[in-house]
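Me: I'd like to go through the cysteines and the charged side chains of this model with you. Could you take my questions one at a time?

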Amino acid sequence: MPELPEVETIRRDLVPLLRGRTVRDAWISPNAPRLAQLMTPEAFCRGLRGRRIEDVGRRGKYLLIHLDGGLTWIVHLRMTGRLQHAREGCPDDRHLRAKFKLDDGGWLCFIDMRKFGTMWLVDDVDLVTGKLGPEPLDETFDVAAFHGSLKRRSTAIKAVLLDQTVLAGVGNIYADESLFRAGIDPRRAANRISRPAAGRLHEAIVEVLLEAVGDRGSSFQDYVDARGEAGYYHLKVRVFRRTDEPCLVCGTAIRRVKVGGRSTHFCPGCQKR
Ligand SMILES: [Zn+2]
């Protein structure tokens, strides 16, 4: 599932391709009735036609395509969504759920095998992203405030990192990698994490996300960038999906457990309870 580094990679790819373009036409497949949120697919497409794209932003895992007239086209890729730019029309793919024709002849294509992807067309972005926690790569991601939000939660730290109201954009891959780097057991109660450990975790989250953005994200399964190409960070992960393989630091076999219903990978040698 695309997390912050993957969505940020797509955003950076799309900025030069979309900025200043006008949406000439929009089409949503009849087999994707839940793609457009808060309005019918027809109203969504009608609302997009003729709009000029001013910029492409991001908030957590949400892509924000800012349009003229103060409108924002928000895209969430969920599990398997791909937002790809194509020069000569969208691929003939049975999972193509929507396509958008631009005034320079290019296309934006939304391909989504599992169909969990969602889009909104809103005046007020907060309607969709208002409850998100701080952006981990912004100055707003403050160690003291982060430690404070951990103090208020007694659930496992891994589950808290996935809570988008605590921190925006971190998912399963980068939560496991950050906890490994900080030497924290993912099952540990968030409110039992000391101030120094919270500081290490804060630093690890920023480092891991920046490295993954630098490597254009991780392509364990479906993820590709806006040009249809895979990222590289999955080649560098230290624990995620390395179950039973030796830890790169201490040699202990990496373990996989369920935390809050999600597969969680950690090194029992480096991440003590
Ligand atoms: Zn280890």
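Me: Which two cysteines form a disulfide?
Reply: Happy to help, and keep in mind that this is a predicted model. A disulfide is called when two cysteine sulfur atoms lie within 2.5 Å. One pair has its sulfur atoms 2.2 Å apart, and a search of the whole structure finds one disulfide. The pair is C90 and C109.

Me: Where do C90 and C109 sit, and how many residues apart are they?
Reply: The disulfide between C90 and C109 links distant parts of the chain. C90 lies in the loop between β5 (81-86) and β6 (96-102), while C109 belongs to strand β7 (residues 107-112). Their separation along the chain is 19 residues.

Me: Is the disulfide of C90 and C109 left-handed or right-handed, and why?
Reply: The sign of the torsion about the S-S bond is what to look at here. For C90 and C109 that torsion is about -90 degrees, so the disulfide is left-handed.

Me: Are C90 and C109 buried or exposed?
Reply: The cut-off for burial is under 20% relative accessible area. C90 falls in that class, and C109 does too. For both cysteines the word is buried.

Me: Why does C45 not bond to the closest cysteine sulfur?
Reply: The closest cysteine sulfur to that of C45 belongs to C90. C45 itself is buried, because its relative accessibility is 5%. The gap between the two sulfurs is too far for a bond, at 12 Å.

Me: What about C250: which accessibility class does C250 fall in?
Reply: Partly exposed residues lie between the buried limit of 20% and the exposed limit of 50%. C250 has a relative accessible area of 40%, so C250 is partly exposed.

Me: Turning to charges, which residue meets R21 in a salt bridge?
Reply: Side chains of opposite charge can pair when their charged atoms come close. The structure holds 19 salt bridges. In one of them, the side chain of R21 has an N to O distance of 2.6 Å to its partner, D103.

Me: How many residues apart are R21 and D103?
Reply: The salt bridge of R21 and D103 connects distant parts of the chain. R21 is in the loop between α1 (4-18) and β1 (23-28), and D103 is in the loop between β6 and β7. R21 is partly exposed, with a relative accessible area of 23%, and D103 is partly exposed at 30%. Along the chain they are 82 residues apart.

Me: What is the N to O distance between R51 and D68?
Reply: R51 and D68 meet through their side chains in a salt bridge. This pair links the loop between α2 (41-48) and β2 (53-59), which holds R51, to the loop between β3 (62-67) and β4 (72-76), which holds D68. R51 is partly exposed at 26%, and D68 is partly exposed at 22%. The N to O distance is 3.3 Å.

Me: Which lysine belongs to a positive surface patch, and is that lysine buried or exposed?
Reply: The patch is formed by R241, R256, K258 and R262. Its lysine is found in strand β9 (residues 255-259). The exposed class begins over 50%, and the lysine has 62% relative accessibility, so the answer is K258, exposed.

Conventions:
Residues numbered from 1 in each chain as written. Predicted model: local features only at pLDDT ≥ 70, side-chain atom pairs only at ≥ 80, totals over all residues. Heavy atoms only, no water. Patch = residues over 30% accessible without salt bridge, like charges linked within 9 Å, V, L, I, M, F, W, Y side chains within 5 Å. Areas by Shrake-Rupley, 256 points an atom, 1.4 Å probe, with all protein chains shown as cover. Salt bridge = Lys/Arg side-chain N within 4 Å of Asp/Glu carboxyl O. Lys, Arg positive; Asp, Glu negative; His and termini not counted. Charge placed at Lys NZ, Arg CZ, Asp CG, Glu CD. Helix = DSSP H or I, 4+ residues; strand = E, 2+ residues; numbered from the N terminus. Buried < 20%, exposed > 50% of the residue type's maximum accessible area, 1.4 Å probe, protein only.
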